[in-house]
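New to this one? Here is a quick briefing to read alongside the sequence and the 3D view.

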Amino acid sequence: MVFKITEPEYILMKKYIEEHCGIHLEKDKEYLIESRLSDLLTETGCKSFQEFHFKARTERTGELRDRIVDAMTTNETSWFRDKTTWEYFKDVAIPVLLNRAASCLSIGARISVWSAAASTGQEAYSLAMLLDQAVKERGQPSLLDKIEILATDISTSALSAAIAARYDSIAMSRGLPDEKREKYFIKEGNLWRFDPELRNRVQFKKINLQDPFVFSYDFDLILCRYVSIYFSDTFKRELFMKMANVLKPGGVLILGATESLREFSNDFEISYYKNSVINTRKLNMKK
Ligand SMILES: C[S@@+](CC[C@H](N)C(=O)[O-])C[C@H]1O[C@@H](n2cnc3c(N)ncnc32)[C@H](O)[C@@H]1O
């Protein structure tokens, strides 16, 4: 059953959603809330969005909040999404990262990469496959031990799927070359399981991009793709500032092809690789 939302209820729910995950709903998105949350109203026995909003605001556990965030986030993703971005990783970013990793072999430093809205894991695992291929081509497989990949998301269900690293044939058909499927996946019943050794090289964590970033190290590369499109201009400004603050000088931030930080940050030099935009943290940026 689909519950109808009234105008005052829409204002309440819109505010609640933005407060808890940053998703900024414009006018006329009532249908999104109705279609994505009606099942939860039924499940929680609520008769209206007003009652549901009250329940969400007054719960003590945060369980309902997480379910609402799960339902309202869009977890659309695929392997090697945006061809030229991955050409940039393969041709430019990864050779640079591996050179850096090779030069810090003896001093215990690490190279860190963050997939900051990782959804069900395809982005982080695509990167892990390219890194694995590159270290083998260089004849230096141990360089992989020097590289840390962190994958985070706000959605509990997306993160669980990422950690499980088992994909159905629809997910597998989206952007994964046959040669990579043969090399890095094992068929288990109807699902394909990602190579467990490479999977274990990716650390997963639930992080809401609205929260302060608390890391004990800075990143060489951040992928924050197809998530800022859902945020307000104010939040984008704040987010790109926080990202610049946790990047090493000269570190790179990659957004989705339809996203730009041009109007929102002065902390990056913007350049291009083919038709992909590369945002490099300025060396002289003040922290
Ligand atoms: C469209 S997917 C993009 C996945 C992947 N980066 C890609 O480009 O294929 C957007 C992801 O952002 C996550 N997300 C939305 N709001 C977030 C927030 N405030 N903090 C962290 N992740 C968020 C969603 O849960 C979803 O998995």
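**A helix with a kink**

Helix α2 has a kink of about 50°, centred on L37. Keep in mind that this is a predicted model. The protein chain splits into domain 1 (7–72) and domain 2 (83–281), and the notes below go through α2, the two domains and a small sheet.

**More on α2**
- Helix α2 covers residues 30–44, and at 1.5 Å a residue its 15 residues should span 21 Å; the end C-alpha atoms are 20 Å apart, which agrees.
- L37, where the kink is centred, is buried in α2, and so are I33 and L41.
- Look around those buried residues and you'll find that their cover includes α1 (7–21), α3 (49–58) and α4.
- Just after α2 comes G45, with a positive phi of about 75°.

**How the two domains meet**
- Domain 1 and domain 2 have their C-alpha centres 30 Å apart.
- Seven residues from domain 1 and eleven residues from domain 2 take part in the contact.
- On the domain 1 side, helix α4 (residues 63–72) brings the largest share, three residues.
- Sorted by class, that side of domain 1 has three nonpolar, two polar and two charged residues.

**A three-stranded sheet**
- Three strands make an open sheet, in the order β3-β5-β4, with antiparallel pairing.
- At the edges sit β3 (166–167) and β4 (185–188), each pairing on one side only.
- Strand β5 (residues 191–194) runs antiparallel to β3, and two bridges join them.
- Want a pair to look for? Y167 has W192 in β5 as its bridge partner.

Note on methods:
Residues numbered from 1 in each chain as written. Predicted model: local features only at pLDDT ≥ 70, side-chain atom pairs only at ≥ 80, totals over all residues. Domains from an automatic or database assignment. Helix = DSSP H or I, 4+ residues; strand = E, 2+ residues; numbered from the N terminus. Nonpolar A, V, L, I, M, F, W, Y, C, P; charged D, E, K, R; others polar. Pairing = 2+ DSSP bridges. Expected span 1.5 Å × (residues − 1). Bend = angle between axes of the 7 residues up to and from the residue. Buried ≥ 20, exposed ≤ 12 C-beta atoms within 10 Å, placed from the backbone.
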